[in-house]
Amino acid sequence: MLKLSRMKQIILIFLIYSSQINAQELFVFSEPASNMPTGSLGIRMGQSLMKESFSSGYNYHLMPEIMFGINKNLMLHTTAFVSNRSYNLVTEGGSLYAKYRFLSLDDLHAHFRMAFFGRFSVNNADIHQEEIETMGHNSGYEMGLVATKLVKKIALNASFSFEKAMDNKPNYYFPNSQSNNASNYTFSIGKLVYPQQYSSLKQTNLNVMLEVLGQNLNQNGKSFLDIAPSLQFIILSQARIDLAYRQQLYSSMLRTAPNGIYLKMEYIFFNIKK
Amino acid sequence: MKSLKKIMIAAIVLLSIPSAFAQLSRVDIVATGLTCSMCSNAINKQLKTLTDVEKVDIDLNTNTFVVFLKKSNQITPKILKDKVENAGFFVGEMVLYMYFDKQKTIMNSAVSTNNLTFIFIDNSTRTLEGETKLKVFDKGYITSKAFKKVAKLIKYDGNNAIEKGNVYHVKIV
């Protein structure tokens, strides 16, 4: 009971603090429940440089991504996974992602939205860790639910998903000794630090974000929890550059490169299909 | 007697639904559910896909989009609402700037112009002449909280009426 009231206090302090700031919901590690505009195309270039835990050097991943708004409630992403895992840059796989917004409660400068999302990925890298990650490491799928709350420029995002790993191509079988499915959860908060007052669409915006990312392996109870602070620049209201750092807080599972930096660049072509 | 008949005919004509010539020249839209400039730009770009739109002025701090329309445009409030929703957001307020050409009309009745029909939801008796600002009170054109308040005044599902016959419930503002 004491623990619960303490938790309530923390949440209350968090909400009071967050109600005094401006925020955005275009998070680096988690997608919000909101979608891209209908008929618009986005290109994204994600890069990450993660420190290897068990060997010297860095694990580099490049993820070119194309995003498209099919209609106001449905959007699709397709991503290719390139990495230096085998010392040269090799395209290891790709994924298809869809998100469907099914709830929108909007008000002036506020909204609460919910969406379903799903991803299917293929990968031909060797399976080298217990962590399940269908974004660039495992063949498999992920299905989940995301909720986003925006109140007077404050954005909070929470997601929950089920992720299942399958055998990687061509014959990297998923080890029987490991859990092949996991529960993921994320919690994110964003804050707009510039501008205080908008003057034009050409103004560069700066957002500061903090995300908490966790995974629980369902078959053996192993888990990890990461924290990821990030800086985001919105340029000409059409492009964004995200710079993030991801740090493991704790882990009871084998992960080969949990800590590192992310650089994500995105550009939106509005209304390519009218 | 003849003059009384004339007056009666005139009164009947005046009280029946008049078909006035009126032109929609400007629409002010307050969008809901957004605070970021990228989101505003998404709405801006959606509105500009309409060939009948002359230009769009934006107040990013209030999310107000002032849409100026070309002469003899075929724009309806629903066309603009759909564009805002395609960008992923909603309309929180919509004010129509109509120019009524020397047309005097008795209020508290329906007025049809070109392809739009307006039903006035207040009971005041006023004259429509020159530039008139009409605020739309149908579902999807005001915030859901505000709609709940006026739903009793509208009495029937205004949403269906809009889809079928471009009928809008309005108040002069």
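Here is a short chat about a predicted model with chains A and B.

Colleague: Hi! Before we dig in, what kind of model is this?
Modeller: Hi! This is a predicted model.

Colleague: Thanks. Let's take chain A, then. How many helices and strands does chain A have?
Modeller: Chain A comes to 1 helix and 12 strands. Along the sequence, the helix is followed by the strands, in the pattern α-β-β-β-β-β-β-β-β-β-β-β-β.

Colleague: And how does the radius of gyration of chain A sit with a compact globule?
Modeller: It agrees: a compact globule of 274 residues would have a radius of gyration near 19 Å, and chain A has 19 Å. Along the principal axes, the C-alpha atoms of chain A fill a box of roughly 55 × 55 × 35 Å.

Colleague: What share of chain A is buried?
Modeller: Buried residues make up 51% of chain A. As for the outside, the accessible surface of chain A is about 13100 Å², and 65% of that belongs to carbon and sulfur atoms.

Colleague: What about charges on chain A?
Modeller: There are 25 positive and 18 negative side chains in chain A, with the centres of the two sets 8 Å apart.

Colleague: OK, switching to chain B. What is chain B built from?
Modeller: Chain B has 5 helices and 9 strands. Its order along the sequence is α-β-β-α-β-β-α-β-β-β-β-α-α-β.

Colleague: And how much of chain B is buried?
Modeller: Of its 173 residues, 53% count as buried. Chain B exposes about 8500 Å², with 55% supplied by carbon and sulfur atoms.

Colleague: I'm curious about helix H2 of chain B. Why is H2(B) described as largely enclosed?
Modeller: Helix H2(B) covers residues 37–47, and 10 of those 11 residues are buried, so the helix is largely enclosed by the rest of the structure. The buried ones include Met38(B), Cys39(B), Ile43(B) and Leu47(B). Polar names turn up too, including Ser40(B), Asn44(B) and Gln46(B).

Colleague: Nice. Now the strands: which strand pairs with S5(B) over 10 bridges?
Modeller: That is S2(B), residues 22–32, and the two run antiparallel. One of the bridges has Thr32(B) partnered with Phe90(B) in S5(B).

Colleague: And how does S5(B) pair with S8(B)?
Modeller: S5(B) and S8(B), residues 130–136, pair in the antiparallel sense over 6 bridges. There, Met98(B) has Thr132(B) as its bridge partner.

Colleague: So is S5(B) mostly covered or mostly open?
Modeller: Strand S5(B) is mostly covered, with 8 of its 11 residues buried.

Key:
Residues numbered from 1 in each chain as written. Chains lettered and ligands numbered in written order. Predicted model: local features only at pLDDT ≥ 70, side-chain atom pairs only at ≥ 80, totals over all residues. Heavy atoms only, no water. Buried < 20%, exposed > 50% of the residue type's maximum accessible area, 1.4 Å probe, protein only. Helix = DSSP H or I, 4+ residues; strand = E, 2+ residues; numbered from the N terminus. Rg over C-alpha atoms; globule rule 2.2 N^0.38 Å. Areas by Shrake-Rupley, 256 points an atom, 1.4 Å probe, with all protein chains shown as cover. Lys, Arg positive; Asp, Glu negative; His and termini not counted. Charge placed at Lys NZ, Arg CZ, Asp CG, Glu CD. Pairing = 2+ DSSP bridges.
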